Each structure stands twice: as structure tokens, then as C-alpha cells.
Amino acid sequence: MQDRHTNLQRYFDEQAVTTRKFVVPYLEQLKPISKGVRVLEIGCGTGGNLVPFLEAGCQVTGVDISVTSIERARALLGPRESLTLIADDIYNRTEADGVFDIIVMRDVIEHIHNQEKFMGSMPRLTDKTGPLKSMTA
């Protein structure tokens, strides 16, 4: 196991840098990452990937099945008006909980059971009126 996997702060910081440097620029080719954009990260872990979206003023929701990970994310990210952290199985989330402009998963899909069902269920959590609607159809 590498140090980055046992050093919580280092891993959190690495996730933030990688998302800021690579994920956000890629997504911005499709949609500006700016204030009010609703972002969901499935399998958010301790929340490092959420940092660049929060810095941009997005409304951010992180969901992770691990209560411990969500508790750590709350400690690392602190309270923020634009942040919601939920300890739950993603299969329990519905459009009644909110829809999102962007859904992010990093190093997560391999941990989700019944991946075919999962991928088929993601359009229910996306805003079908926005610029990314063709990606969810």
C-alpha cells in the first residue's frame, strides 16, 4: 500500500489537485463549471474531488455508502452552504432528492454492484433540460 492511501490529508489533497487539473477542464468543454451548477459525486469518499467544484461556486452533493468516509469528508471540508454529504447507497437516491447537471465518479464504478442496472438508472438523477441532456439519453 502506498503512503497516499494511508495519509488521509495527502490523498484528499491529491484528489483535489487531479480534479482541478484534469476533470474540471474536461467537463468545461461540455458545460461551464460555475456558480449554481449542481454536481453529484457518487462514491465521494473523503471529498477531495469535490473541492474544485466548491471553489467554483457549484452546489455540490457527495454520496458514499461508507458512514466513516462521509464523517471524514465533513471534517476535511467543514460546513459549507453549497455542500450536502450523504451516507447512503446510491440505489436509494431518487429524483425526488434532486437532479444534477453533472454526475462524477472517480475510481468507483468497479465497487458498484449490478453496474448495468446502475448505469441505466443514472438518467433519473440528471437534469434533462440542460446542455448535457444528450449524454443522458
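In the predicted model, the buried residues of helix α2 are F12, Q15, A16, T19, V23, V24 and L27. These buried positions pack against α3 (51–55), α4 and β4. Helix α2 comprises 21 residues (residues 8–28), for which a rise of 1.5 Å a residue predicts a span of 30 Å; the end C-alpha atoms lie 28 Å apart, in agreement with that expectation. The helix nevertheless bends by about 40° at T19, a residue that is itself buried.

The strands are arranged as an open sheet of 4 members in the order β3-β2-β1-β4, with parallel pairing. Its edges are formed by β3 (83–87) and β4 (102–104), each of which pairs on one side only. From one strand to the next, the twist averages 15°. Pairing between β2 (residues 59–64) and β3 is in the parallel sense and extends over 5 bridges; within this pairing, V60 has L83 of β3 as its bridge partner. Edge strand β4 is also among the elements against which the buried residues of α2 pack.

Helix α4, another packing partner of the buried α2 residues, lies across β2 and β3 and runs at about 160° to β3. This helix spans residues 67–77 and includes S69. With a relative accessible area of 16%, S69 falls under the 20% cut-off and is therefore classed as buried. Beyond residues up to four places away in sequence, S69 touches G45, T46 and D64. Of these contacts, D64 belongs to the stretch 59–64 that forms β2, one of the two strands across which α4 lies.

Technical notes: Residues are numbered from 1 along each chain as its sequence is written. This is a predicted model: local features need pLDDT of at least 70, side-chain atom pairs count only at pLDDT 80 or more; totals for chains, interfaces and linings use all residues. Side-chain values use heavy atoms; hydrogens and water are left out. Buried means under 20% relative accessible area, exposed over 50%, partly exposed in between (1.4 Å probe, protein chains only). Contact means heavy atoms within 4.5 Å. Two strands pair if DSSP finds at least two bridges between them. Axes are lines fitted to C-alpha atoms, for helices over the stretch in contact, and angles run from 0 to 180 degrees between N-to-C directions. The expected span of a helix is 1.5 Å times one less than its number of residues. The bend at a residue is the angle between axes fitted to the seven residues ending there and the seven starting there.
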